[in-house]
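Please open the structure in your viewer and keep the selection tool at hand. This tour goes from one selection to the next and says what is to be found at each stop.

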Amino acid sequence: MKNRRYCLAFLILAALLLMLLAVNVCIGSVGIPFAEVLRILTGHGSDATYKDIVMQIRLPRALAAAILGGALALSGYLLQTFFHNPIAGPYILGISSGAKLVVALVMVFALGQAAVVSSGMMIIAAFIGSMISMGFVILMSRYMDQMSRLIVSGVMIGYICSAITEFVVTFAEDADIVNLHSWSQGSFSGISWNNVAVMAVVTFLAFAAVFLMSKPIMAYQMGESYARNMGLNIPLFRVLLVLLSSILSACVTAFAGPVSFVGIAVPHLVKSLFKSSKPLLLIPACFLGGASFCLFCDLLARTLFAPTELSISTVTAVFGAPVVIYIMIRRRKERA
Amino acid sequence: MKDSYYFRTEGLTVGYNGLPLIRDIEISMKRGEILTLIGPNGAGKTTILKNIIRQLEPIGGTVFLDGRKLPELSGHELSTQMSVVLTERVKPELMSCEDVVATGRYPYTGRFGVLSEEDHRIVRESMELVHISELKERDFSETSDGQKQRVMLARALCQQPDILVLDEPTSFLDIRYKLEFLSIIQEMSRQHGLSVIMSLHELDLAGRISDKLACIRGDKVDRFGTPEEIFTEGYIQELYQMTVGSYDERTGNLELTPVKGEPEVFVIAGNGRGTDVYRSLQRRGIPFATGILWENDLDFPTAHALADELISVPAFREISAEELGRAKELMDRCGHVICTFEKGAYLPEGLQELVSYAERKGYENT
């Protein structure tokens, strides 16, 4: 009976993802007939402009939203496991902001040198930034016994990093700064096929590694003492968790800037859908769910006030923040 | 010689941050025995257990398990030999009790932790053994503390250990489940040769179930041995530094502090009839005297703990005239008498005399 629920849940998530991918490719500021989109996708498109819009703009953007959304949700799931805290996530703990800061520094520096920053370089810069923030958060988690305090300190780190980023961006002299500005607010626009290829490789490797760790994650959910008794190498496991969640969130930040709340909201929604916390189910489910969530939010960001585009974080926050509030209220009740 | 012990510590020194808390612990047990740590709160029982389960690094000395040094065992080897029930609260989300129990199969499952038919059978059996089969589908977080504790025991059992380490396993259990819990452990040790190390607060139960007891006091294991060796008169009071109340090692009888003062009531008791009266007088704050009791009488431990004056006779000896005289004198001083025997009940000679004396003097039966 349980297995049927799991199958059904996976079917729903997969169907949702496919549907949203299709909708994202079909809808945009330029109206392209559905039949034409189909023809373009099958390689029979006749109109060069339409073809460019679908193949060079919409499709890579939709794929990026899906891949990065999945990566974000997974990163959030890992952080929640790490901190035993349901409202941990890369954005709220300031990890995305740390990544953003280092990427901004690298970009501004590169622009000054008139050099081009490759996708790989961006990911590495973002990864370094993530690790620095993560280091701070872990350090502080030793002194913060309550989950809400840890979150507040994470938010503060985020503010500090964002402030420095704004400062750097404001004083950098270049026309490209406009791009940098929209990126630092979070956006899936301007993604190339090359970007998609890089993020796909990084994300899927990280995903595979996380999936292989689903058994130790289950043990870790029982608390460290019991996990250790089950034969889990705790220090190694913790290092791997931190590395993988940082790689995933770094990948997102490098291409789309900081995206809020996906990392918290999606794992929570997925858990409610499955009524289970088995990592073996939740890891793939979080990925699918995150992909759908970001596709949906990006669709709204693009179309709601077209041709003006909203930053992606604005939309994800509208849907994600209430989930966080809900979790906190429910936790409070459970404790009482 | 040494290898006849399944579990043994050698000069084990434990503590935190390099500061020794308890030094030179030398305890040992054979396979299938039950070893219990007792001692006051904060004595370091949990700290010792954490060293035994490798949660903490010993500051000095070694723990031997089946003749091998504990640090030499790999995490996996240890997990197939030793399982634990800790005081640490686990808060797994959205896990049924069955899921929690099944985590005990962790060392035996494959890469992704998928349970085989065999695993499912062992999980089911463990749950039956602990009588929690009906909790199978229940969300773990919605169960009571007592149920959680039993789920954690089932989890530990389905890990199929040779040695089970439990930290205050009975703390959240009511009396029925305390006995049930310890019975299961006793049965496992007797029938399956499971060795058990635990800490317990209930001294009486510790004395009944344990093959070996280790008393932690100050910075050392004060005494280590069989319950008979440990529970000598006055030792528990000393170990726990009890300043109020009393504990009787032989019977496990626990009493509050006696009311001090000139006795106001004389209780004629025996054969267990006096105990409730003594306690009721203690509750009301009335000092009393009692007698004449044989030292093997059921009333004796409570009388000994609570009476301001007690007239007693060694077991199997007749009441002498001297004791009778002292009892009468005491009764005269009190002026009030409670006789716990019905009128005309058959009594031994001395007691009969005492009851008649009270009637002759017309002391009211309060």
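Begin by selecting helix α5 of chain B, residues 145–158, which contributes four residues, the largest share, to the lining of the largest cavity. Keep in mind throughout that this is a predicted model.

**The largest cavity**

Stay with this cavity, whose volume is about 120 Å³, and add the rest of its lining to the selection. From chain B take L86(B), T87(B), E88(B), R89(B), V90(B), F140(B), D145(B), K148(B), Q149(B), M152(B) and F172(B), and then add Y226(A) from chain A. If you colour this lining by class, you will find six nonpolar, two polar and four charged residues.

**The second largest cavity**

How many cavities of 30 Å³ or more are there? The count comes to two, and the second largest cavity holds about 40 Å³ of space. To see what surrounds it, select Q80(A), P86(A), I264(A), P267(A), H268(A), K271(A) and I327(A), together with E93(B) from chain B. Helix α12(A) gives the most to this lining, with four residues, and the lining as a whole has four nonpolar, two polar and two charged residues.

**The second largest pocket**

Move next to the second largest pocket, in which about 760 Å³ of space lies. Of the 31 residues that line this pocket, those closest to its centre are K278(A), D99(B), G113(B), L115(B) and H120(B), and they make a convenient selection to centre the view on. The elements that give two or more residues to the lining are α1 (2–26), α9 (214–221) and α13 (279–303) of chain A, and α3 (97–102) and α4 (117–129) of chain B. Among these, α9(A) provides the largest share, four residues. The lining also draws at least three residues from each of two domains of chain A, domain 1 (88–258) and domain 2 (259–336), and by class it divides into 13 nonpolar, nine polar and nine charged residues.

**Aromatic pairs**

Now turn to the rings, of which a search of the whole structure finds eleven aromatic pairs over all chains. Select Y91(A) and F261(A), which form a tilted pair, 6.3 Å from centre to centre and with 45° between the planes. This pair links distant parts of the chain, 170 residues apart, since Y91(A) lies in the loop between α3 (48–83) and α4 (95–112) of chain A, while F261(A) lies in the loop between α11 (234–256) and α12 (262–274) of chain A. Is F261(A) buried or exposed? F261(A) is buried, because its relative accessible area is 18%, whereas Y91(A), at 32%, counts as partly exposed.

Another tilted pair is formed by F211(A) and F112(B), with 5.2 Å between the centres and 45° between the planes. Show both chains here, as the pair crosses from helix α8 (residues 193–212) of chain A to the loop between α3 and α4 of chain B. Both rings are partly exposed, F211(A) with a relative accessible area of 24% and F112(B) with 29%. Widen the selection to F204(A), F207(A) and F287(A), and you have the cluster that ring pairs link together with F211(A) and F112(B).

**Charges over rings**

For the last stops, select K215(A) and Y106(B), where the charged end of K215(A) sits over the ring of Y106(B), 4.5 Å from the centre of that ring. Then go to R150(B), which lies over the face of Y177(B) at 3.9 Å from the ring centre.

Notes:
Residues are numbered from 1 along each chain as its sequence is written. Chains are lettered from A and ligands numbered from 1 in the order in which they are written. This is a predicted model: local features need pLDDT of at least 70, side-chain atom pairs count only at pLDDT 80 or more; totals for chains, interfaces and linings use all residues. Side-chain values use heavy atoms; hydrogens and water are left out. On a 1 Å grid over the protein atoms alone, a cavity is a set of points where a 1.4 Å probe fits but cannot get out, and a pocket is an open set with protein on both sides within 12 Å along at least five of seven lines; lining residues have an atom within 4 Å of a point. Grid points are joined across faces, edges and corners, and a volume is the space filled by probe spheres set on the points. Ala, Val, Leu, Ile, Met, Phe, Trp, Tyr, Cys and Pro count as nonpolar, Asp, Glu, Lys and Arg as charged, and the others, Gly among them, as polar. Domain bounds come from an automatic or database domain assignment. Rings of Phe, Tyr and Trp (its six-membered ring) pair if their centres lie within 6.5 Å; planes under 30 degrees apart count as stacked, over 60 as edge-to-face and the rest as tilted. Buried means under 20% relative accessible area, exposed over 50%, partly exposed in between (1.4 Å probe, protein chains only). A charge sits over a ring if NZ of Lys or CZ of Arg is within 6 Å of the ring centre and within 35 degrees of the ring normal.
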